[in-house]
Amino acid sequence: MKTLRRKTGFIVIACLLLPGCLHKQKIDSPTRVVSMPKSFVSTRPGSSEGAVFWETSFPSRGLARDTEALRRDNLELAAAQRRVQQAQRAYDVLRAGLYPALDCTAQFDRTRVEDLRERSTTKVIEFGAALTWEVDVWGRLRAQRKAANLSIKEKEALFDQIVLDLQCLLIEGWIENQSARDLGRLLKDQGETNAKILKLLELRARKGQSSALDVLQQRGRVASVERMQPAVASARSRSGNAYAVLLGHFPGEVVPPEDASPVLMPLNKLPTPQHLLVCRPDLRAAHLALQAADYEVAAAVASRMPRLSIGLSYAANGPDLGSVSDGSVMQFVAGMLAPVFAAGRLKAEEAQRRAEALEMLALLKQALRN
């Protein structure tokens, strides 16, 4: 009779666990044939051949110093760095779920009972420890840990992209300030030259060697140059304020360094797709986000399967510290939790994770086309 009960129990457990083995945990994305170009430049990822770096294109010591200050003092970069740290701590939390958890308790209970005949006081000191561990049968915890690890790499890639974007904004502000400065000096020299020519034309007009039309035209040139100077000064002030804000200062506290105008370098050729994925942090972040979303789908699928947990507890108690070990209890528990009815919550969570993964796939395709 006992053997029949054991066989029946094994059959019931096998029926509960069998659907998890047949469930597919990957996303089926539609296959699409994309025409590839005839040839690519055979530049290996990581090599500097054909690449353009701002240090060589803009050889300015002041700009290099401010670029280092940007990585240190910019508040947006500081926030991005904190997001990377949050992802790292989230990974540590999920990684801890793979290992057994040990909890210790200490309790003191003092009970006093009074009636008409007698008065009694009972004291109990108890110490206990409990060890619990969830057996990751379906890989739910491992999938969550891999998703968290990929999320760290995604946040790091996004941090690199923010650094790249802010460096571009800083260099653009520096170029605009340099251009406005050079243009302002040119307009100042042009204004002085136009004023001298105007004086000469007025002198020639008084002697009858020039017409009034020449004088009026030259006055128009002088006025035209004067009208352009406020706009150039405003552009220089605006670019200088943006430059200071990027460095984490208030407008006007930092002045862009004056240096020679940059020399434009020739554009690099089209790299290989692998090189493009390595060199562009936004593409790398989108690819990592898609992989993390795929593992989140796997974790959501595994959440619908039964969970197996093992627990071991020990408790010792006594009326005082000297006799605590007189009464002790050790208990071993192994149980299985199977979700039977959750009003569609687990199925909805799985569908949500699949929709998020498809969203990441669409974002990756869009980023590759840009």
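Modeller: Contact, as we use it here, means heavy atoms within 4.5 Å. This is a predicted model, where local features need pLDDT of at least 70 and side-chain atom pairs count only at pLDDT 80 or more, while totals for chains, interfaces and linings use all residues. Residues are numbered from 1 along each chain as its sequence is written, and side-chain values use heavy atoms, with hydrogens and water left out.

Biologist: Thanks! Of the contacts with a separation of 6 or more, what percentage comes from residues 24 or more positions apart?

Modeller: The count takes contacts in the protein whose partners have a separation of 6 or more. Within that set, the share of residues 24 or more positions apart is 77%.

Biologist: How many helices and strands does the protein have, and what pattern do they follow?

Modeller: Helices (H or I, at least four residues) and strands (E, at least two) are DSSP runs, numbered from the N terminus. Counted that way, there are nine helices and four strands. Along the sequence the pattern reads α-α-α-α-β-β-α-α-α-α-β-β-α.

Biologist: What percentage of the residues is buried?

Modeller: Buried means under 20% relative accessible area, exposed over 50%, and partly exposed in between, with a 1.4 Å probe and protein chains only. The protein has 370 residues, and the buried part of them is 28%.

Biologist: On to the sheet: in what order do its strands lie?

Modeller: Two strands pair if DSSP finds at least two bridges between them. The sheet is open, has four strands and shows antiparallel pairing. S1 (101–114) and S4 are the edge strands, each pairing on one side only. The order is S1-S2-S3-S4.

Biologist: By what angle are neighbouring strands turned against each other on average?

Modeller: Axes are lines fitted to C-alpha atoms, for helices over the stretch in contact, and angles run from 0 to 180 degrees between N-to-C directions. For this sheet the direction is ignored, and the average is 20°.

Biologist: How many bridges join S1 to S2?

Modeller: S2 covers residues 119–135 and runs antiparallel to S1. As an example of the register, Arg112 has Thr121 in S2 as its bridge partner. The number of bridges joining S1 to S2 is 14.

Biologist: Which residue in S4 is the bridge partner of Leu308?

Modeller: S3 (residues 307–318) is joined to S2 by 11 bridges, with Glu134 paired to Ser309 in S3. S3 and S4 also run antiparallel, joined by 11 bridges. In S4, the partner of Leu308 is Met336.

Biologist: Now helix H5: what distance does it reach from its first C-alpha to its last?

Modeller: H5 spans residues 140–206, which is 67 residues. The expected span of a helix is 1.5 Å times one less than its number of residues, and for H5 that is 99 Å. After H5 comes Gly208, with a positive phi near 80°. The reach of H5 is close to the expected value, at 96 Å.

Biologist: At what angle do the axes of H3 and H5 cross?

Modeller: H3 (residues 61–73) and H5 have axes that come within 10 Å. A crossing is left-handed if the near helix is turned anticlockwise from the far one by less than a right angle, and right-handed if clockwise; H3 passes H5 in a right-handed crossing. The crossing angle is roughly 140°.

Biologist: How do the residues of that contact divide into nonpolar, polar and charged?

Modeller: From H3, residues including Leu63, Leu70 and Arg71 meet residues of H5, among them Phe159, Leu166 and Trp174. Ala, Val, Leu, Ile, Met, Phe, Trp, Tyr, Cys and Pro count as nonpolar, Asp, Glu, Lys and Arg as charged, and the others, Gly among them, as polar. The residues divide into eight nonpolar, two polar and two charged.

Biologist: Which residues does Gln229 contact, leaving aside its neighbours within four places in sequence?

Modeller: Gln229 lies in H6 (residues 212–246) and is partly exposed, with a relative accessible area of 33%. Its C-alpha is 9.7 Å from that of Gly191, which is 38 residues away along the chain. The residues in contact with Gln229 are Leu187 and Lys188.

Biologist: Last one: is Ala343 buried or exposed?

Modeller: Ala343 sits in the loop between S4 (327–337) and H9 (345–369). Its phi is near 60°, a positive value in a residue other than glycine. With a relative accessible area of 64%, Ala343 is exposed.
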